[in-house]
Protein chains: 2
Amino acid sequence: MAKVLVEGSARHVHLSEKDLAILFGSGFRLTKKRDLLQPGEFLSGEKVTLTGPRGSIERVSVLGPLRKVTQAEVSFTDARTLGIEVPVRLSGDVAGSAPVKITGPAGEVELAEGAVAAKRHLHITPADAEAFGVSERKTVSLRVEGVRAMTFDEVSVRISPNFYTEVHLDYDEMNAAGLSGEVYGEIL
Amino acid sequence: MAKVLVEGSARHVHLSEKDLAILFGSGFRLTKKRDLLQPGEFLSGEKVTLTGPRGSIERVSVLGPLRKVTQAEVSFTDARTLGIEVPVRLSGDVAGSAPVKITGPAGEVELAEGAVAAKRHLHITPADAEAFGVSERKTVSLRVEGVRAMTFDEVSVRISPNFYTEVHLDYDEMNAAGLSGEVYGEIL
């Protein structure tokens, strides 16, 4: 029984230093609203607007710290609102992904690529990975119970001593399984 | 191998005769835009707005024919937009479900109950049910392949000689599985 925390990951963006300056002004620094479970990661107080050919989504959270490459992680529901076709990718893997415009209070950035739907994944410490019998670059299945019980396959495994052990799903996935709040699943 | 068509069911409402008259005017009749796969069911040309404590969703399709009881079938994503908490229910089972306001061109209806998230279900003919080995009031599992492969449990079985054999999922579920267009799954 490999029980694991399952957390919903709402739409968000990661910004590069250069794009932060364009969107919020030169010298601007992200403010920290609260820490996320993954050590070092935080929800900032900053919001941006995403715009595609069909529509916009306002008040999208910026997560910190800054990254080398700007990216927007949205659900397929969001992608439909925006009018873009997003591939399913792990965070950071944005080559050839969808274009999107990001607007902040000081300016806007037209990303030629960078919009993705997050590939569901398991963050796990090396100790837990050994206990669970899972290895990097593999996929596992996640079983959740309830009125919309289901088994998610194709959950990517990401191992690091800097991680907190948990599964990240997007809100299409959380909703499809009828999950909210603090929930646990089982790694198969 | 029990392959079955899987169709996404977008948010929609079913109206009673009385509520149709309030929303669209006395004597109004639904127009038919196109037939749905389930015999006798159709997408009308009429649209309504749904409103909850947090927000509204415009241009929600009205499906025909008329029903005895008005109901709104929305996704959990929609429910969050509206600010209501919907139970997961089969169509027609609205007792104690969520309140929602429906607005049409001629008036509005405040439903004390009637908003639900659709319980995923398999419409199936008696002949197919026998071939698939499934029976009424049971649930089955649906396996779908792809980059977001998964197995949906708790798929309710509804048998009628008037049905076209297919599974209905809502768009949270379609998106969670990365499905769009004409897709097939396997009944387990």
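**Two chains, their contacts and a few unusual residues**

Me: Where in chain B is B:Arg137 found?
Reply: This is a predicted model, and in it B:Arg137 has a positive phi of about 70 degrees although it is not a glycine. The residue lies in a loop of chain B, the one between helix 3 (126–132) and strand 11.

Me: Is B:Arg137 buried or exposed?
Reply: The relative accessibility of B:Arg137 is 77%. The cut-off for the top class is over 50%, so B:Arg137 counts as exposed.

Me: And what is the class of A:Arg137, buried or exposed?
Reply: A:Arg137 is in the loop between helix 3 (126–132) and strand 11 of chain A. Its phi is positive, about 65 degrees, although A:Arg137 is not a glycine. With a relative accessible area of 79%, A:Arg137 is exposed.

Me: Which residue does a cis peptide bond join to B:Gly64?
Reply: In chain B, look at the loop between strand 5 (56–64) and strand 6 (71–73), where B:Pro65 is found. Omega is about 0 degrees for the bond that joins B:Gly64 to B:Pro65.

Me: What is omega near for the peptide bond from A:Gly64 to A:Pro65?
Reply: A:Pro65 sits in the loop between strand 5 (56–64) and strand 6 (71–73) of chain A. The bond from A:Gly64 to A:Pro65 is cis, so by line of geometry its omega is near 0 degrees.Me: How much area is buried between chain A and chain B?
Reply: The size of an interface is often given as the accessible area lost when the parts come together. Here 22 residues of chain A are in contact with 22 residues of chain B. Carbon and sulfur atoms give 51% of the buried area, and that area is about 1800 Å².

Me: Which residues of chain A lose the most area to chain B?
Reply: Three residues together account for 29% of what the chain A side buries. They are A:Val147, A:Arg148 and A:Asn175.

Me: How many residues does strand 12 of chain A give to the side that touches chain B?
Reply: Across the interface there are 19 residue pairs in polar contact. Helix 2 (76–82), strand 9 (108–118), strand 12 (150–159) and helix 4 (171–176) of chain A each supply at least two residues of the side that touches chain B. Of that side, with its 9 nonpolar, 5 polar and 8 charged residues, strand 12 gives the most, 5 residues.

Me: Which residue of chain B stands opposite A:Met150?
Reply: Strand 12 of chain A and strand 12 (residues 150–159) of chain B run antiparallel and are joined by 3 bridges. Within strand 12 of chain B, the residue opposite A:Met150 is B:Phe152.

Me: Which residue of chain A forms a salt bridge with B:Arg143?
Reply: The count between chain A and chain B is 6 salt bridges. In one of them, the closest N and O atoms are 2.1 Å apart, and the partner of B:Arg143 is A:Asp153.

Me: With which side chain does the side chain of A:Ser141 make a polar contact?
Reply: A:Ser141 belongs to strand 11 (residues 139–144) of chain A. A relative accessible area of 17% is under the 20% cut-off, so A:Ser141 is buried. Residues touched by A:Ser141 include A:Thr151, A:Phe152 and A:Leu188. The polar contact, at 2.6 Å, is with A:Asp153.

Me: Which residue of chain A forms a salt bridge with B:Arg148?
Reply: The pair crosses between chains, starting from the loop between strand 11 (139–144) and strand 12 of chain B and reaching helix 4 of chain A. Both partners are buried. With its closest N and O atoms 3.4 Å apart, the partner of B:Arg148 is A:Glu173.

Me: How do A:Arg89 and A:Asp93 differ in class, buried or partly exposed?
Reply: These two residues form a salt bridge, with the closest N and O atoms 3.6 Å apart. A:Arg89 has a relative accessible area of 17% and is therefore buried. At 39% relative accessibility, A:Asp93 counts as partly exposed.

Me: What is the N to O distance in the salt bridge of B:Arg89 and B:Asp93?
Reply: B:Arg89 is buried, at 18% relative accessible area. B:Asp93 has 39% and is partly exposed. Their side chains meet in a salt bridge whose N to O distance is 3.5 Å.

Me: How far apart are the C-alpha atoms of A:Val48 and A:Ile102?
Reply: A:Val48 lies in strand 4 (residues 42–51) of chain A and is buried, at 2% relative accessibility. Its contacts include A:Val13, A:Leu23, A:Phe24 and A:Ile102. A:Val48 and A:Ile102 are 54 residues apart along the chain, and their C-alpha atoms are separated by 6.5 Å.

Notes. Residues numbered from 1 in each chain as written. Chains lettered and ligands numbered in written order. Predicted model: local features only at pLDDT ≥ 70, side-chain atom pairs only at ≥ 80, totals over all residues. Heavy atoms only, no water. Contact = heavy atoms within 4.5 Å. Buried area = accessible area lost by both parts, 1.4 Å probe. Salt bridge = Lys/Arg side-chain N within 4 Å of Asp/Glu carboxyl O. Polar contact = N/O pair within 3.5 Å; in protein donor to acceptor, adjacent residues only side chain to side chain. Helix = DSSP H or I, 4+ residues; strand = E, 2+ residues; numbered from the N terminus. Nonpolar A, V, L, I, M, F, W, Y, C, P; charged D, E, K, R; others polar. Pairing = 2+ DSSP bridges. Buried < 20%, exposed > 50% of the residue type's maximum accessible area, 1.4 Å probe, protein only. Lists of a residue's contacts leave out its neighbours within four places in sequence.
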